Amino acid sequence: MCFMFSDRNKFRTWRQLWLWLAEAEQALGLPITDEQIQEMKSNLDNIDFKVAAEEEKKLRHDVMAHVHTFGHCCPKAAGIIHLGATSCYVGDNTDLIILRNAFDLLLPKLARVVSRLADFAKKHANLPTLGFTHYQPAQLTTVGKRCCLWIQDLCMDLQNLTRIRDDLRFRGVKGTTGTQASFLQLFEGDHNKVEQLDKMVTEKAGFKRAFIITGQTYTRKVDIEVLSVLASLGASVHKICTDIRLLANLKEMEEPFEKQQIGSSAMPYKRNPMRSERCCSLARHLMGLVMDPLHTASVQWFERTLDDSANRRICLAEAFLTADTILNTLQNISEGLVVYPKVIERRIRQELPFMATENIIVAMVKAGGSRQDCHEKIRVLSQQAAAVVKQEGGDNDLIERIQADAYFSPIHSQLEHLLDPSSFTGRAFQQVQRFLEEEVYPLLKPYASVMEVKVELTL
């Protein structure tokens with residue numbers, strides 16, 4: 001990803017675009033020789049960055065600096081480089097090529113994260129755990145079902161990134177204000193050749209479609225769409241890693257922690273979830289970047305103003321570099337998640353007696369008791385048990401109180417069954433199975449060949 005947004009890749013792509021333009025112009029009858037074309041081909045990678053810097057310092061124009069630099073090593077072709085084009089021919093089209101290729105780097109990484117989490121969800125699909133709403137104890141779910149909440153968000157991101165990538169259109173060959181006037185003049189008023197030129201260069205760049213309408217630039221709403229889906233990915237990752245951090249505090253689940261890893265310089269016992277914290281920190285940055293293209297698109301006067309340029313050079317690259325780092329880190333986390341079933345079981349035992357009260361009432365009614373009488377009995381016993389937990393720091397003893405109360409003798413023999421955690425998870429297991437089979441695995445099929453790639457966590 002660093003190379004994708006590097007100067008070498010950028011300016012090499014500029015030269016490639018100049019070559020494609022010259023090839024198409026030659027094919028459509030302009031007086032460009034094979035020798036000129038070959039000279040350009042032979043020097044695509046021969047970029048003298050020192051000369052380019054000197055030219056830009058003198059000209060204060062990056063595109064013309066590189067036109068001249070390319071011309072220095074292609075003296076025969078120098079006169080036809082950039083023929084009919086405006087700066088945005090190389091600038092905007094290069095950006096679109098880089099955005100498309102950057103998506104192609106992100107998508108397999110996101111698919112691998114989904115795949116790793118799908119393996120985790122399948123493994124723990126039937127492991128009951130305490131659910132939380134408002135971060136207060138709620139009904140039980142399973143570890144695998146909770147993970148599917150994360151996976152579902154990432155699957156939406158995978159689909160959204162794919163859609164925006166596939167919807168990218170080439171700016172194409174449009175001229176200074178998008179009217180193609182310079183090319184119409186080059187081809188002596190032949191509209192058909194101008195349209196052919198646009199189509200030929202678009203196809204050479206690997207795009208299926210080009211914009212019909214542009215100003216000097218492609219509409220900056222494209223950048224909004226691109227950064228919006230990346231920001232949405234950031235939100236998904238932030239939620240996932242926040243959940244992991246909270247579970248680490250509960251000691252129910254942890255991210256990978258290496259043998260020699262130190263959690264704190266002062267507290268040697270600490271096992272801080274630093275990978276998840278890193279993802280959250282970067283995700284906040286990623287989510288905030290979408291404001292840049294929103295503001296940029298809103299202030300593009302008429303056919304174009306140059307106040308978009310410096311901002312875009314920062315925010316587009318930073319968004320993809322940030323997303324790339326986040327996905328590398330999240331893959332590392334998802335490949336090494338550790339679950340502590342005994343801790344989960346203990347927390348369930350602390351809360352399950354309160355959750356089981358409805359089942360107990362139903363069992364008592366089936367045994368001939370009054371629903372209202374039973375409700376009142378359990379209300380009193382529950383408050384007594386809650387007082388022991390909150391005021392004395394003791395364990396939840398509601399079940400012991402029920403066992404000691406003769407009123408509940410008709411169902412004493414059923415209490416163990418009524419308190420089986422697996423009976424409180426509903427269809428969580430079946431939902432995990434169906435979700436993975438019907439929605440997740442089909443989505444991952446195009447990425448089967450890259451699923452085994454591992455990542456090393458960088459400092």
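Trainee: Angles under 35 degrees count as roughly parallel, over 145 as roughly antiparallel, 65 to 115 as roughly perpendicular and the rest as oblique. How do α1 and α8 lie to each other?

Mentor: α1 and α8 are oblique, because their angle falls in that last group. This is a predicted model, where local features need pLDDT of at least 70, side-chain atom pairs count only at pLDDT 80 or more, and totals for chains, interfaces and linings use all residues. Residues are numbered from 1 along each chain as its sequence is written, and side-chain values use heavy atoms, without hydrogens and water.

Trainee: What angle do α1 and α8 pack at, and how far apart are their axes?

Mentor: About 140°, with the axes 9 Å apart; α1 is residues 7-27 and α8 is residues 191-204. Helices here are DSSP runs (H or I, at least four residues; strands are E, at least two), numbered from the N terminus. Axes are lines fitted to C-alpha atoms, for helices over the stretch in contact, and angles run from 0 to 180 degrees between N-to-C directions.

Trainee: Is the crossing of α1 and α8 left-handed or right-handed?

Mentor: Right-handed. That label means the near helix is turned clockwise from the far one by less than a right angle; anticlockwise would be left-handed.

Trainee: Which residues meet there?

Mentor: α1 brings W20, L21, E23, A24, E25 and A27, while α8 brings L197, M200, V201 and K204. Contact means heavy atoms within 4.5 Å. By class, this contact of α1 with α8 has seven nonpolar, no polar and three charged residues. (Ala, Val, Leu, Ile, Met, Phe, Trp, Tyr, Cys and Pro are nonpolar, Asp, Glu, Lys and Arg charged, and the others, Gly among them, polar.)

Trainee: Switching to α9 now. At what angle do α9 and α12 pack?

Mentor: About 30°, with the axes of α9 (residues 221-250) and α12 (residues 309-334) 10 Å apart. That angle is why α9 and α12 come out roughly parallel. Their crossing is left-handed.

Trainee: Which residues make the contact?

Mentor: On the α9 side they include V226, L230, L233 and V237, and on the α12 side they include R312, L316, F320 and L327. Altogether the contact of α9 with α12 divides into 17 nonpolar, no polar and two charged residues.

Trainee: And how do α9 and α11 lie to each other?

Mentor: Roughly antiparallel, because of their packing angle. It is about 165°, with α11 spanning residues 291-298 and the axes 8 Å apart. α9 passes α11 in a left-handed crossing. K221, D223, I224 and L227 of α9 meet P293, L294 and A297 of α11, a set with five nonpolar, no polar and two charged residues.

Trainee: Zooming out, what domains does the assignment give?

Mentor: Domain 1 (1-83), domain 2 (88-339) and domain 3 (342-424). The centres of domain 1 and domain 2 are 31 Å apart over C-alpha atoms. Their contact takes 21 residues from domain 1 and 29 residues from domain 2.

Trainee: Where does UniProt place the "signal peptide"?

Mentor: The unreviewed UniProt entry puts it at residues 1-29. In the model, that stretch is 72% helix and 0% strand, with its end C-alpha atoms 39 Å apart. UniProt also places "domain: Adenylosuccinate lyase C-terminal" (unreviewed entry) at residues 352-436. The span 352-436 is 65% helix and 0% strand, and its end C-alpha atoms lie 29 Å apart.

How values were computed
UniProt positions are given in the numbering used here, feature names are shortened, and annotations may be inferred rather than shown by experiment. Domain bounds come from an automatic or database domain assignment.
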